[in-house]
Structure formats: C-alpha cells, structure tokens
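Work through the exercises below with the coordinates open. Each task is followed by a stepwise solution.

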Amino acid sequence: MQNLTEFPANATSHKSLSVIIKVCAVIPFFCVFLCCIAVMLHIFASHRHFLDTTRYILFAYMMVNDTLQLLSSVLLFLFVMGQVKFAIVYCAPLLFVSTATFQNTPLILATMSLERYVAIFYPLQCPAAWRSDRIWIIILSLWFISCISPVIDFSIGKHDPAVDVLSTPVLCKNVVVNSSPIQTLFKAAVSVLFFAVVAVIILFTYVRILLETRKMRQDRVSVNKAMHTVLLHGFQLLLSMLAYTNIITESLIVLHANWRPEDIAFFNYFSFILIPRFLSPLIYGFRDQSLRGHIRKTFLCCSTKVKPFVRGCTTAF
C-alpha cells in the first residue's frame with residue numbers, strides 16, 4: 001500500500017514543481033519587458049518631436065500592441081497553469097484580444113515598411129494619410145482588419161450544447177472554445193494570407209529602396225538606413241512566424257526527447273511567442289540613435305531632466 005500511494009504523491013509534487021518553475025520563468029521575463037516598454041513610451045510622451053513623426057507613432061503603436069498581446073497571453077498562461085476555470089463569456093474577450101493583437105503585428109510591420117517607402121519616394125509630397133496628424137486613420141484600419149478574423153472565428157464555431165456560455169466553467173484555452181475543424185482551417189488560412197501579403201509588401205519595399213540607392217547620388221545615408229529598416233521588418237516578421245512552427249518543434253521533441261505534452265507546449269510558448277514579442281520592439285528601439293540616446297540617459301540619470309536629443313529625421317532608423 002505504501003508504494004501505491006508514493007507514485008501519485010511524487011507525480012503531484014513533480015507537477016507542482018514544474019508549474020512553479022514555469023511561472024517563475026515567465027513572470028520576471030514579462031516584468032522586464034513591461035519595464036522597457038514603459039520607459040520607451042514615457043520617452044515618447046515626454047518629447048513632442050516623437051509624437052510629430054509618423055514612424056515613431058507607428059513604433060509606439062507596435063509597442064502598445066505587443067504589450068496587449070503579451071499581457072493577454074500571460075494571463076491565459078497563468079489561468080491554465082493554475083487550472084482556473086470560468087465561463088466562456090469571460091474567457092472569450094481574453095482570447096479575442098490575444099488573437100487580434102497577434103494578427104495585428106504583421107499588419108503593423110507592413111505599414112511601417114510602407115511608411116519608409118513613402119518617405120523615400122515622396123519626401124516633399126507626402127500623402128495626407130501618412131502625415132503624423134492623420135496616421136490614426138491607418139491605425140484604426142489595422143485594428144478593424146485584425147478584429148475581423150477572431151469575430152468570424154467565434155461566429156462559425158460550434159459550441160458543445162452541454163456547455164452554458166454564461167455559467168459553465170471551462171479552462172480558458174483556444175482548443176476548448178474554438179475546437180471545430182472549420183475553425184482550425186479558417187485560422188490557418190487567415191494566418192497564411194496575412195503573412196504572405198505582409199511578406200510581399202516588405203519584399204517589394206526592400207527591392208524598390210534597394211534599386212533607389214543605385215540611382216541616388218545624394219542622401220544615400222538616409223536611403224540606406226531606410227533599406228536596413230525594411231530588412232529589419234522582414235526579420236521581425238520571421239520572429240512572428242516562429243509561432244507557427246509548433247507542429248515541427250513538437251514532432252522533433254517527441255522524436256528526440258521524452259517530454260510531457262504540457263512541457264512541449266510551454267517550450268513553444270516561451271520560445272516562439274514570448275521571446276519574439278520581447279525582442280522585436282527592443283531591437284527596433286535600441287537601433288534608433290535618437291531613441292537610444294534618451295533610453296541611455298533615462299536609465300543613467302532617472303532623477304535629472306533629459307534634454308532633447310534629436311539628430312534629424314534622416315538619421316533615425
């Protein structure tokens with residue numbers, strides 16, 4: 001009888017330790033991300049010239065979007081780790097925000113690449129929609145497009161008749177709320193379409209700017225910086241696409257390691273959801289000379305007033 005009771009106790013203890021380790025890995029990581037994003041958003045809010053420049057507004061929008069995406073995904077992660085169950089009516093908004101912000105990321109990258117294209121090819125006659133006082137129209141359009149997919153996804157799903165949306169407690173996971181095959185097919189099709197369109201836009205802007213560098217004899221520095229920025233957007237898109245390598249990584253891990261399904265899911269979540277969202281805005285922000293100077297001064301002299309540090313539009317990014 002003693003041996004029979006030891007195994008469940010050991011299994012429970014091992015599972016509890018595993019949950020604690022996962023939570024302790026995610027929470028500090030997320031707190032560091034929030035700290036860095038808060039510093040950069042504070043710099044944007046404290047210096048008017050950032051809010052008067054379209055590319056900085058789009059960058060701030062990307063940081064807000066990534067923060068919402070990580071916040072919703074970390075909350076879902078904690079609920080699953082703690083086996084917290086609640087009604088679908090409370091779970092659906094979290095899943096909606098997580099899905100919409102995830103799909104919004106490639107749209108923002110495409111918009112930022114197009115902004116660099118417009119700045120290079122139409123420096124004196126910038127279209128009205130790309131001016132800093134009108135860019136909110138494009139931002140609202142991106143939100144609208146990214147919200148269409150989860151709305152359709154939830155609409156076409158077939159819910160279990162035994163589950164009451166208002167009262168039946170469920171584990172808040174996509175596989176629980178959106179489990180029908182048609183939903184899986186729809187999400188796959190939308191994801192492929194989003195990333196394919198964005199990849200084409202980034203490739204198009206990169207090639208056009210690359211060809212422009214061969215024609216221009218003056219202001220090559222700004223054109224080269226724009227080309228490198230578009231290339232960075234392509235790298236950010238690759239980071240975002242890592243989230244769709246779950247099936248491949250799961251197959252490789254199963255073949256070469258004896259991991260539990262929940263450990264494989266956590267590895268994919270930490271490696272292909274958290275880390276790319278963490279690196280993307282930080283790489284982009286620290287690459288900019290003006291923003292990097294403000295970040296350095298903020299961390300080194302938090303108690304002193306930071307003086308404006310601008311090197312002009314052509315030196316940024």
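The exercises go from the overall fold to ring pairs, then to charges and the surface; the model is predicted.

**Exercise 1. Outline the fold.**
Task: State how many helices and strands the protein has, and in what order the elements run.

Solution.
- Step 1. Count the elements: the protein has 11 helices and 2 strands.
- Step 2. Read them from the N terminus: α-α-α-β-α-α-β-α-α-α-α-α-α.
- Step 3. Check the packing. Of the 317 residues, 42% count as buried.
- Step 4. Check the contact range. Take the contacts with a separation of 6 or more: 79% of them come from residues 24 or more positions apart.

**Exercise 2. Classify two ring pairs.**
Task: Assign a geometry to Phe33 with Phe278, and to Phe50 with Tyr56.

Solution.
- Step 1. Set the scope. The whole structure holds 14 aromatic pairs.
- Step 2. Take Phe33 and Phe278: the centres are 6.0 Å apart and the planes make 50 degrees. Pairing needs centres within 6.5 Å, and edge-to-face needs over 60 degrees, stacked under 30, so this pair is tilted.
- Step 3. Locate the partners. Phe33 sits in helix H1 (residues 2-46) and Phe278 in helix H10 (residues 261-287). The two are 245 residues apart, and the pair links distant parts of the chain.
- Step 4. Test burial. The cut-off is under 20% relative accessible area. Phe33 has 1%, so Phe33 is buried. Phe278 has 13%, so Phe278 is buried as well.
- Step 5. Take Phe50 and Tyr56: 4.7 Å centre to centre, 85 degrees between the planes, edge-to-face. Both residues are buried.

**Exercise 3. Extend the ring network.**
Task: Which residues do ring pairs link into a cluster with Phe33, and over which ring does Arg208 lie?

Solution.
- Step 1. Follow the ring pairs. They join Phe33 to Phe29, Phe77, Phe266, Tyr269, Phe270 and Phe278 in a cluster.
- Step 2. Turn to the charge. Arg208 lies over the face of Phe121, at 4.7 Å from the ring centre.

**Exercise 4. Compare salt bridges.**
Task: For Asp263 with Lys22, Arg48 with Asp52 and Arg131 with Asp133, give the N to O distance and check the exposure.

Solution.
- Step 1. Set the scope: a search of the whole structure finds 5 salt bridges.
- Step 2. Asp263 and Lys22 meet at 2.9 Å, N to O. The pair links distant parts of the chain: Asp263 is in helix H10, Lys22 in helix H1, 241 residues apart. Lys22 has 6% relative accessibility, so Lys22 counts as buried.
- Step 3. Arg48 and Asp52 meet at 3.4 Å, N to O. Arg48 is exposed, because its relative accessible area is 58%. Asp52, at 40%, counts as partly exposed.
- Step 4. Arg131 and Asp133 have their closest N and O atoms 3.5 Å apart. Arg131 is partly exposed at 35%. Asp133 is partly exposed at 47%.

**Exercise 5. Describe the surface.**
Task: Which residues make a nonpolar surface patch of about 390 Å², and is Leu166 buried or exposed?

Solution.
- Step 1. Start with the total. The accessible surface is about 17200 Å², and 70% of it belongs to carbon and sulfur atoms.
- Step 2. List the patch: Val89, Tyr90, Val165 and Leu166.
- Step 3. Place Leu166 in the loop between helix H5 (135-156) and strand E2 (170-171).
- Step 4. Test exposure. Leu166 has 62% relative accessibility, so Leu166 counts as exposed.

Conventions
Residues numbered from 1 in each chain as written. Predicted model: local features only at pLDDT ≥ 70, side-chain atom pairs only at ≥ 80, totals over all residues. Heavy atoms only, no water. Helix = DSSP H or I, 4+ residues; strand = E, 2+ residues; numbered from the N terminus. Buried < 20%, exposed > 50% of the residue type's maximum accessible area, 1.4 Å probe, protein only. Lys NZ or Arg CZ within 6 Å of the ring centre and 35° of its normal. Contact = heavy atoms within 4.5 Å. Areas by Shrake-Rupley, 256 points an atom, 1.4 Å probe, with all protein chains shown as cover. Patch = residues over 30% accessible without salt bridge, like charges linked within 9 Å, V, L, I, M, F, W, Y side chains within 5 Å. Salt bridge = Lys/Arg side-chain N within 4 Å of Asp/Glu carboxyl O.
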